[in-house]
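Please load the model in a viewer and keep the selection panel at hand. The tour below proceeds stop by stop, stating what to select and what is found there.

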Amino acid sequence: MEASTTIRKMMAGNRIIVPSYQRAYSWETPGGNTNSNTHTDVFLTDLQEYSKSKAISAHYFGHFLFEEKKASFHVIDGQQRLTTIVIFLSALFSKLRTIRDLDEDEEVCYEDMVKRHNTIRFSTVDYDNQLFVDYVVNKTKIDRNGLDTESACRIVKCFDFFSDKISNGSEEYLKKMLSVISESTCTTHLVRNESEAIQMFIFQNNRGKKPSSLEIVKAKFMYQVHLYGNDEKYILIEEIKNRFETIYKSISLIEYKIGEDDILLYTLKVYFNSLWETNVLDKIDKKLSENNSINFIKDFTQSLCMSFEHLSTFFGKDERENFSIHSLVTLGGIAGITIAIPFVIKAYQFGLESSEIGKLCAALECLVLRKRLIGTRADLTSRIDDVFEKFTALNKEIAPIVGKVTLLKYSNDSRLWFWNNESLEQSLQGELNNSIAKYILWKYEVYLEKEGKNGYAPTRFDSIEKPELEHIAPTTSSHYGRGYDCYSMDIGYQETYINCLGNYLLLSKSHNCAIGNIAFSKKRETYIHNKQQREIQQLVPEDGVWGKEVIQKRKEKIIRFVLSQC
């Protein structure tokens with residue numbers, strides 16, 4: 001490869017591979033909850049703006065870092081851009097072929113940058129590559145079934161996005177865009193060995209957009225092994241690569257549920273058996289400066305890999321099968337479960353049965369909910385770090401942890417009362433965070449279901465289609481006299497009666513949109529779909545008024561449920 005070249009020349013005649021110990025495809029595409037200012041949108045906008053300009057110099061695609069491996073080049077830096085370039089080219093050539101056959105130069109261009117006979121110029125990480133070949137390059141797959149990883153979903157979304165954006169493009173537009181991208185300039189650097197690659201990675205990323213802490217830790221570990229690994233160096237490097245291949249596969253499965261740097265921090269807490277650990281990079285730098293750094297790297301990398309594997313199970317299969325885990329994860333999606341995860345990682349490491357992990361999650365859920373609702377500035381870590389430290393492979397009973405949570409619930413001790421039932425009850429009286437209120441009402445529905453259900457699974461939160469929080473009595477006084485009690489715009493009144501658990505109801509989006517702010521008698525007629533809605537029908541007769549007394553009565557009942565169950 002030439003140091004200064006074009007995209008076409010860089011790819012022509014070569015096989016470029018993203019090794020599996022590198023990150024999979026992570027660029028976002030507009031659509032759903034993702035805004036338009038994404039990596040792929042910016043990528044396309046830049047190309048289109050350049051094609052319209054009268055610039056003399058070629059478009060510049062940046063710097064790429066490779067390691068030569070026999071008959072191929074492994075991407076060290078630049079894999080996201082390269083993946084996107086090939087996806088765009090595949091969409092472009094596909095569209096151009098619907099207009100006419102490729103001319104000779106276009107055919108050679110396709111062979112240089114996408115595929116020549118059976119040789120595909122670019123391969124992504126191995127666990128996504130067959131999907132990449134089938135959906136993007138060969139287009140033999142046209143459905144979205146079997147997308148096992150988030151990175152695979154991103155590849156499909158990106159290809160569909162580009163295909164849609166150029167679907168109405170003229171032949172002239174397509175030829176211009178092909179010219180822009182194939183003739184775009186770039187710079188490349190071939191490293192002689194992994195040690196040089198790692199040094200360049202650290203040098204470049206400390207001076208540009210910073211990578212994740214996980215990526216920095218990986219680079220630091222591999223560089224340290226190159227320096228001090230001695231005779232074991234190459235074996236250890238291969239071990240680290242294999243560990244991170246597993247880590248990145250796990251990330252592709254659970255990245256929307258928990259952040260990779262969060263898992264890194266939780267692993268640090270577990271490894272050093274202390275909830276007080278907060279600064280990953282400082283702690284690791286300190287350990288790498290000590291004499292036994294190679295042993296630390298081996299042990300910590302294994303522990304890190306195990307954490308990702310365990311949490312993939314926790315957020316995947318076990319969350320689907322264990323209702324207590326689902327409940328904690330649902331709360332975590334709302335408020336974060338940073339307190340709970342180190343305990344969970346230990347539970348999996350110690351090989352606890354699923355039923356025991358469920359009991360642990362139920363106790364931790366109470367703790368997380370109280371921390372989120374009560375909002376005290378008092379430090380919770382110092383109150384639970386002792387049971388965390390004593391929770392070991394030799395002492396893996398969860399009873400002490402459950403006992404500490406119970407103590408926090410009922411204690412009047414000056415160090416613990418911040419999270420007791422009295423404080424919790426007070427926090428539930430007024431207006432609540434929208435998501436927390438939805439969570440509580442879902443749990444209340446599950447509680448009501450248990451009163452009349454035997455042998456049936458409880459309703460999962462994700463079974464509610466687009467859950468929304470409904471104010472039974474509307475928030476404005478203009479609706480007075482339509483089956484609703486008298487109104488006051490006083491803040492205290494609003495928090496006591498309007499913006500409170502007694503006046504909140506969890507509905508699907510379609511149900512909520514259908515009823516709007518209609519008269520209460522009409523709303524009441526629609527409340528037939530679950531226990532909670534039918535309970536409201538029982539609280540107020542057909543021609544009754546939804547007023548202060550009934551709101552207060554319902555609020556008190558829901559609060560009693562929370563205190564008894566949480």
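**First stop: a pocket**

Select helix H15, which gives the most to the lining of the second largest pocket, with five residues. Helices here are DSSP runs of H or I with at least four residues, strands are runs of E with at least two, and both are numbered from the N terminus. A pocket, on a 1 Å grid over the protein atoms alone, is an open set of points where a 1.4 Å probe fits, with protein on both sides within 12 Å along at least five of seven lines; its lining residues have an atom within 4 Å of a point. The model is predicted: local features need pLDDT of at least 70 and side-chain atom pairs count only at pLDDT 80 or more, whereas totals for chains, interfaces and linings use all residues. Residues are numbered from 1 along each chain as its sequence is written, and side-chain values use heavy atoms, with hydrogens and water left out.

Next, select Tyr256, Lys257, Val329, Gly332 and Gly333, which lie nearest the centre of the second largest pocket among its 19 lining residues. Helix H11 (260-271) and helix H15 (323-335) are the elements that give two or more residues to this lining. The lining divides into eight nonpolar, seven polar and four charged residues; Ala, Val, Leu, Ile, Met, Phe, Trp, Tyr, Cys and Pro count as nonpolar, Asp, Glu, Lys and Arg as charged, and the others, Gly among them, as polar.

**Second stop: helix H16 and the cores**

Select residues 341-349, helix H16. Eight of its nine residues are buried, so the helix is largely enclosed by the rest of the structure; buried means under 20% relative accessible area (1.4 Å probe, protein chains only). Among the buried residues are Ile341, Pro342, Phe343 and Lys346. Just after H16, Gly351 takes a positive phi of about 70°.

Now centre on Phe343. Leaving aside neighbours within four places in sequence, Phe343 is in contact (heavy atoms within 4.5 Å) with Leu275, Leu360, Leu364, Ile384, Val387, Phe388, Phe391 and Ile401. Phe343 is also one of the residues with the most contacts inside the largest nonpolar core, together with Leu311, Phe314 and Ile440; this core has 97 residues. A nonpolar core is a set of buried Ala, Val, Leu, Ile, Met, Phe, Trp, Tyr and Cys residues joined through side-chain atoms within 4.5 Å. Helix H17 (residues 354-374) gives the most to the largest core, with eleven residues. Apart from this core lies another, of 57 residues, including Ile16, Val75, Leu92 and Phe161.

**Third stop: Ile284**

Select Ile284 in helix H12 (residues 280-288). Is Ile284 buried or exposed? Ile284 is buried, with a relative accessible area of 0%. Beyond its neighbours within four places in sequence, Ile284 is in contact with Val217, Phe221, Leu268, Phe296 and Phe300.

**Fourth stop: the open sheet**

Select the six strands that form an open sheet in the order E1-E8-E3-E4-E2-E7, with mixed pairing; two strands pair if DSSP finds at least two bridges between them. Strand E1 (4-6) and strand E7 (122-123) stand at the edges, each with a single partner strand, so one side of each is left without a neighbour in the sheet. Strand E3 (residues 60-69) and strand E8 (residues 185-191) run parallel and are joined by six bridges. To locate one bridge, select Tyr60, whose partner in E8 is Thr185.

**Last stop: the whole chain**

Zoom out to the full protein, with 26 helices and ten strands. Of its 566 residues, 53% count as buried. The C-alpha trace spans about 80 × 65 × 45 Å along its principal axes.

Key. Buried means under 20% relative accessible area, exposed over 50%, partly exposed in between (1.4 Å probe, protein chains only).
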